[in-house]
Amino acid sequence: MSLSAIMSACATRQTRVSCFCPTGGTTFQITVSAGAISRVINPQIGSDVVASQYTMFRTVDQLFEEVRKAGNFAMLSSSLHNGGA
């Protein structure tokens with residue numbers, strides 16, 4: 001089973017928002033089920049983010065798609081295989 005298939009089943013990860021916006025510098029806990037974001041929590045205040053704001057987050061598959069579209073997939077793949085170096 002591929003990493004993408006495993007992550008698409010149901011996974012929770014954390015991501016940090018970096019922007020000059022009200023949520024800048026905040027780390028969110030994101031749950032993905034069946035390839036879609038199903039829940040986002042702001043653990044600092046212990047509350048769920050409203051579903052209409054899920055569009056500012058990406059699933060793992062969406063992140064890889066953005067890298068692929070940017071033409072940097074070979075560089076990312078090489079970096080991952082070399083321990084990030």
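## Strands E2 and E3, the core and the salt bridges

Strand E2 is mostly covered, with 5 of its 7 residues buried. The model is predicted, and the account below starts from this strand, then turns to the core, the salt bridges and the chain as a whole.

### The E2–E3 hairpin

E2 and E3 run antiparallel and are joined by 5 bridges. One of the facing pairs is Ser33 and Ala36, the latter in E3. The hairpin formed by E2 and E3 has 2 residues between the strands. Ala34 lies in this loop between E2 and E3. Its backbone is worth a look: phi of Ala34 is near 55 degrees, a positive value in a residue other than glycine. Most residues other than glycine have a negative phi. Ala34 is also exposed, with a relative accessible area of 71%, whereas 5 of the 7 residues of E2 are buried.

### The nonpolar core

The largest nonpolar core has 8 residues: Phe28, Ile30, Val32, Ile37, Val40, Val49, Tyr54 and Phe57. The elements that give two or more residues to this core are strand E2, spanning 27-33, and strand E3, spanning 36-42. Of the contributing elements, E2 gives the most, with 3 residues. The two strands that are joined by 5 bridges in the hairpin are thus also the ones that supply two or more residues each to the core.

### Salt bridges

The salt bridges in the model number 2. Side chains of opposite charge can pair when their charged atoms come close. The table gives each pair with its N to O distance and the relative accessible area of both partners.

| Pair | N to O distance | Relative accessible area, first residue | Relative accessible area, second residue |
|---|---|---|---|
| Arg39 and Asp48 | 2.6 Å | Arg39, 40% | Asp48, 43% |
| Glu66 and Arg58 | 2.7 Å | Glu66, 40% | Arg58, 31% |

In the pair of Arg39 and Asp48, the side chains meet at 2.6 Å. Arg39 is partly exposed, because its relative accessible area of 40% falls between the limits of 20% and 50%. Asp48 is likewise partly exposed, at 43%. In the other pair, Glu66 bonds with Arg58 through a salt bridge whose closest N and O atoms are 2.7 Å apart. Glu66 counts as partly exposed, and so does Arg58.

### The chain as a whole

The protein chain contains 3 helices and 4 strands. Along the sequence they follow the pattern α-β-β-β-β-α-α. Of its 85 residues, 21% count as buried. The accessible surface comes to about 5900 Å², and carbon and sulfur atoms account for 58% of that area. Among contacts between residues at least 6 apart in sequence, 23% join residues at least 24 apart.

### Confidence

The mean pLDDT of the protein chain is 74, and 65% of the residues score at least 70. Which elements mark the two ends of the confidence range? Helix H1, residues 3-9, has the lowest confidence, with a mean of 49, while strand E4, residues 47-48, has the highest, at 93. Where pLDDT is low, the predicted coordinates should not be read in detail.

Notes:
Residues numbered from 1 in each chain as written. Predicted model: local features only at pLDDT ≥ 70, side-chain atom pairs only at ≥ 80, totals over all residues. Heavy atoms only, no water. Core = buried A, V, L, I, M, F, W, Y, C linked by side-chain atoms within 4.5 Å. Buried < 20%, exposed > 50% of the residue type's maximum accessible area, 1.4 Å probe, protein only. pLDDT = per-residue confidence, 0-100. Salt bridge = Lys/Arg side-chain N within 4 Å of Asp/Glu carboxyl O. Contact = heavy atoms within 4.5 Å. Areas by Shrake-Rupley, 256 points an atom, 1.4 Å probe, with all protein chains shown as cover. Pairing = 2+ DSSP bridges.
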